[in-house]
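Got a minute to look at a protein together? Let's learn to read a few features, one at a time.

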Amino acid sequence: SRLAHGTLPPSGPFSTRTTMRPPTLTTIALLLAALAPAGTALAQEMRAAALVPPFSAAKPGKPPAPWDTIRINDRKTLTTYEIVQNSNESVLHAIADTSASALGVAVSFDIKAAPVLSWRWRVAGLIPDADNSVASKEDSPARIMLEFDGDKSKLSFSDRAASSFAKNLGGRDLPYATLMYVWSNSAPVGTVIPNPHAKRIQMIVVSSGAAGVGKWQDLKRNVRDDFKRAFNEEPGLLKSVGVMTDTDNTGTKVEAWYGDLAFSPAP
């Protein structure tokens, strides 16, 4: 998919929501973490735990704010995302039918404080002929998307041109760097695949092949280590977290389910 344009919108529930609501547990945890002494383990753990609103705390139906749709561009059909019950627990259900869009949440977080990302996902099937290294076949039944800030003045002319093109097509700039975890048809786990549409998007295979199809997979990655391996530099602030199921290039249909995403300090 043309994921070069999958950045979070500058407006909407991330920055313009004005309705007064009681503070959520996530808000309270963030406030307490901010009040805790800087650099303490407690502050790090609370901040990481509160970073990504859990799907398991949501009621069935439309994913609640601050989760929001991330459009690839206006010409793409949207993937359907819905909170459903699975074994008495709420999870996110994604259905892509010749479609591509993500579901994301804006954050501002130093990944070095809690670099270990844990999550679980399940897919109903693979996407025939999908190949993340080929632009015309670049689809995946399940992805985790992490967008990072950085000094864009360091980018090459071609990277800046790609960002300008993305803004013209999708209405927003590329982030400095995007790291994705993907389910591949055949590439070995651990393979780093540059996105064929934009090299500032790097993908790491964390699930591969049909062996785990239909079953929940529990996954854990050190995001800081993966970012350094993919981009050869330290990560900047993490600016958004998202999930994505897409079949716009292959014109097929696929389903996926996502459990909670949580960050924790390195052991």
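**Reading a loop residue and a paired strand**

Serine 118 in E5 faces lysine 220 in E10.

Q: Okay, that's a pair of residues facing each other. What do we have here, a predicted model or something else?
A: It's a predicted model, so keep that in mind as we go.

Q: How many bridges join E5 to strand E10, and which way do the two run?
A: Look for residues that stand opposite each other, then check the direction of the strands. Here six bridges join E5 to E10 (residues 217–222), and the two run antiparallel.

Q: Which other strands does E5 pair with?
A: Try following E5 along its length. Strand E13 (residues 262–264) is joined to E5 by three bridges, again antiparallel, with valine 116 standing opposite serine 264. Strand E12 (residues 253–258) also pairs with E5 in the antiparallel sense, over three bridges. There, tryptophan 121 has tyrosine 258 as its bridge partner.

Q: Is strand E5 mostly covered or mostly open?
A: Count its buried residues. In E5 (residues 116–123), seven of the eight are buried, so the strand is mostly covered.

Q: Now a single residue: where is arginine 75?
A: Find the elements on either side. Arginine 75 lies in the loop between strand E1 (68–71) and strand E2 (80–86).

Q: Why do we call arginine 75 exposed?
A: Compare its relative accessible area with the cut-off: exposed means over 50%. Arginine 75 has 65%, so it counts as exposed.

Q: How far apart are the C-alpha atoms of arginine 75 and alanine 100?
A: Sequence and space are separate things to check. These two are 25 residues apart along the chain, and their C-alpha atoms are separated by 9.8 Å.

Conventions
Residues numbered from 1 in each chain as written. Predicted model: local features only at pLDDT ≥ 70, side-chain atom pairs only at ≥ 80, totals over all residues. Heavy atoms only, no water. Helix = DSSP H or I, 4+ residues; strand = E, 2+ residues; numbered from the N terminus. Buried < 20%, exposed > 50% of the residue type's maximum accessible area, 1.4 Å probe, protein only. Pairing = 2+ DSSP bridges.
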